[in-house]
Amino acid sequence: MTTTQGTTTYRGSCRCGAIRFEADLDLSRGTSQCNCSYCSKSGWWGILARPDDFRLLAGADEIVRLGSSPAAERPRCRICGIEAFGHGDVPEIGGEYYAINVRCLDGVDLEGVPVKYLDGKHDTWAELAVVLYTDPFVGAGAPGAKPAWKP
Ligand SMILES: [Zn+2]
């Protein structure tokens, strides 16, 4: 496990880089994946941040909001389509929040990060499992590595 405990300021961005942000996060406290229709179909892997811990650095004019509600805004980059973060307001989880797309954090080592699997599908948000993330891409492309899969 290489995950550092404590809050660190991370940078993140969409694929094309038009949208850039930074967020103060403690990845060791856990990230989440959920089985609701949105998260499962989009492959969302997120971590919550308080409003004070999120700063949009660039791209405010490039954001489009698709399928959004006040409880869960889904801002996407209008150029590359990536949802680098979400934003919403749900009293049950403490009010206004940002949800960072963990996959959009730049240059971060996610090995050992706890991933909580939540039951959003049945609206219970029960924690079904916690798994420490193992990055299968580490070492991919290293000299001597042979491709295991071909189309
Ligand atoms: Zn983009």
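This passage describes the fold, strand pairing and core of one protein chain. The model is a predicted one.

The chain contains one helix and eleven strands. Along the sequence, these elements follow the pattern β-β-β-α-β-β-β-β-β-β-β-β. The radius of gyration is 16 Å, close to the 15 Å that the globule rule gives for 151 residues, so the chain is as compact as a globular protein of that length. Along the principal axes, the C-alpha atoms fill a box of roughly 50 × 35 × 35 Å. Buried residues account for 23% of the 151 residues. Contacts across the sequence were also counted. Among contacts with a separation of 6 or more, 52% join residues 24 or more positions apart.

Strand pairing comes next. Strands of a sheet pair through backbone hydrogen bonds, either parallel or antiparallel. One open sheet is formed by three strands in the order E1-E2-E5, and its pairing is antiparallel. Strand E1 (8–13) and strand E5 (54–58) are the edge strands; each pairs on one side only. From one strand to the next, the twist averages 25°. Strand E2 spans residues 20–25 and is joined to E5 by four bridges. Within this antiparallel pair, Phe21 of the chain has Leu56 in E5 as its bridge partner.

Strand E9 takes part in further pairings. Strand E4 and E9 run antiparallel and are joined by four bridges. Ala49 has Tyr98, in E9, as its bridge partner. Strand E8 (residues 85–90) also pairs with E9 in the antiparallel sense, over six bridges. Here Asp89 stands opposite Glu96 in E9. E8 and E9 form a hairpin with four residues between the strands. In this hairpin, Gly94 takes a positive phi near 105°. Five of the seven residues of E9 are buried, so this strand is largely enclosed by the rest of the structure.

The largest nonpolar core holds 22 residues. Those touching the most other members are Ala23, Leu25, Ile47, Ala49, Ala84, Tyr98 and Ile100. Three elements give two or more residues to this core: E2, strand E4 (46–49) and strand E9 (95–101). The largest share, four residues, comes from E9. Two of the core residues named above, Ala49 and Tyr98, are also bridge partners. Leu25 shows how contacts are arranged around one core member. Leaving out residues up to four places away in sequence, Leu25 touches Thr7, Thr8, Tyr10, Ile47, Ala49 and Ile100. Of these, Ile47, Ala49 and Ile100 are also among the core residues that touch the most other members.

A loop residue was examined as well. Ile19 lies in the loop between E1 and E2. Is Ile19 buried or exposed? A residue counts as buried when 20 or more other C-beta atoms lie within 10 Å of its own. Ile19 has 28 C-beta neighbours inside 10 Å, so this residue counts as buried. Its contacts, apart from neighbours within four places in sequence, are Ser13, Cys14, Ala58, Gly59, Glu62, Ile63, Cys77 and Ala84. One of these, Ala84, is also listed among the core residues with the most contacts to other members. Pro70 lies 51 residues from Ile19 along the chain, and the C-alpha atoms of the two are separated by 21 Å.

How values were computed: Residues are numbered from 1 along each chain as its sequence is written. This is a predicted model: local features need pLDDT of at least 70, side-chain atom pairs count only at pLDDT 80 or more; totals for chains, interfaces and linings use all residues. Two strands pair if DSSP finds at least two bridges between them. Axes are lines fitted to C-alpha atoms, for helices over the stretch in contact, and angles run from 0 to 180 degrees between N-to-C directions. A nonpolar core is a set of buried Ala, Val, Leu, Ile, Met, Phe, Trp, Tyr and Cys residues joined through C-beta atoms within 7 Å. A residue is buried if 20 or more other C-beta atoms lie within 10 Å of its own, exposed if 12 or fewer, and partly exposed in between; C-beta atoms are placed from the backbone. Two residues are in contact if their C-beta atoms, placed from the backbone, lie within 7 Å. The radius of gyration is taken over C-alpha atoms; the globule rule is 2.2 Å times the number of residues to the power 0.38.
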